[in-house]
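Trainee: I'd like a close look at one turn in this model. Could you walk me through it and then show me what else is worth seeing?

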Amino acid sequence: MADTAHFGAREVPLADKQVLVDGVFRSVARRYDLMNDLMSFGLHRAWKDALVTAVGPPKTRPFALLDVAGGTGDIAFRVIAAGGERTQATVCDINADMLAVGRERAAKRSPGDAVTFVEANAEALPFPDRSFDAVTIAFGIRNVPRIEQVLTEAFRVLRFGGKFICLEFSAVDMPGLDRLYALYSSAVIPALGRMVVGDAEAYRYLVESIRRFPKPEAFAAMLRAAGFARVSYRLLTGGIVALHSGWRL
Ligand SMILES: C[S@@+](CC[C@H](N)C(=O)[O-])C[C@H]1O[C@@H](n2cnc3c(N)ncnc32)[C@H](O)[C@@H]1O
């Protein structure tokens with residue numbers, strides 16, 4: 001249906017999904033980074049490193065990154081560390097609590113001012129056309145009500161020759177690992193959520209949203225439909241995660 005969206009296993013009015021998603025991240029913000037390490041056995045670090053390698057920030061040229069749904073700033077900090085002195089990152093997220101954690105992290109780092117935090121909706125970015133060299137989104141796109149709109153906006157704010165890279169949970173395609181992963185995500189992750197964050201429901205939502213996200217080929221087709229060229233993807237860790245990329249040419 002055109003004006004409904006999935007919130008976990010539930011079908012909800014499109015307008016309600018964002019409010020529900022915001023509630024999830026408000027609830028988990030303070031312990032979000034710890035939960036990532038616990039849930040993924042630290043693997044999210046390797047997945048994020050693969051994304052940063054794909055971004056490939058230059059060492060000498062100026063480089064402007066927009067990290068959409070950037071939460072606590074993990075991707076931005078990594079890209080700044082990998083790039084040269086003229087690398088700048090903007091973290092855009094709809095959730096003030098996630099951004100507050102990111103700003104605290106930035107204040108403890110140097111150079112803190114290489115990262116700017118902006119509260120905004122990925123579906124309506126408050127940036128001019130063609131203003132970034134790269135746009136990234138990590139574990140964010142499955143949370144938004146209108147994926148196509150986010151892709152259109154990412155395309156709009158990219159410069160010609162700029163790259164869009166998306167890291168997202170995907171569909172495990174390895175016999176044996178798929179059953180183990182299904183069991184782990186339906187039983188262990190919500191229990192961890194209850195213990196660490198005091199909110200099993202938030203993590204039940206996250207697991208269900210992964211199940212419902214388009215398969216890698218279907219998502220690649222969405223990137224092409226949004227205008228991206230040379231779209232490709234690769235699966236990491238047996239397909240637990242997919243890294244998609246496309247260019248604005
Ligand atoms: C799973 S977290 C990912 C955070 C970060 N990218 C990372 O990899 O650690 C998903 C983020 O998407 C954000 N988000 C959800 N809907 C959004 C929207 N419409 N626009 C911008 N951010 C959104 C949430 O607030 C949350 O911070």
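Trainee: In the hairpin of strand 8 and strand 9, which residue takes a positive phi?

Mentor: That's Thr 237, with a positive phi near 50°. Before we go on: this is a predicted model, where local features need pLDDT of at least 70 and side-chain atom pairs need 80 or more, while totals use all residues. Numbering runs from 1 along each chain, and side-chain values use heavy atoms, without hydrogens or water.

Back to your hairpin, which has four residues between its strands. Strand 8 covers residues 229–236 and strand 9 covers residues 241–248 (strands are DSSP E runs of at least two residues, helices H or I runs of at least four). They pair in the antiparallel sense over six bridges (pairing takes at least two). Follow Arg 234 across, and you land on its bridge partner, Leu 243 in strand 9.

Now slide to the start of the chain for another hairpin. Strand 1 (residues 4–7) and strand 2 (residues 10–13) run antiparallel too, joined by four bridges. Here His 6 has Glu 11 as its bridge partner in strand 2. Two residues sit between these strands, and Gly 8 in the turn has a positive phi of about 60°.

Next, look at helix 1, residues 14–28: with three residues, it gives the most to the shell around the ligand. In total, 19 residues surround the ligand (a heavy atom within 4 Å), and Gln 18 is among the closest, along with Ala 69, Asp 93, Ala 122 and Ala 138.

Check out the polar contacts there (N or O pairs within 3.5 Å). Gln 18 has a side-chain N or O atom 2.8 Å from a ligand nitrogen. A polar side-chain atom of Asp 93 sits 2.6 Å from a ligand oxygen, and the side chain of Asn 121 puts an N or O atom 2.9 Å from a ligand nitrogen. Taken alone, the ligand exposes 590 Å² (Shrake-Rupley, 1.4 Å probe), and the protein buries 99% of that.

Technical notes
A polar contact is a pair of N or O atoms within 3.5 Å; within protein, one must be able to donate a hydrogen and the other to accept it, and residues adjacent in sequence count only if both atoms are side-chain atoms.
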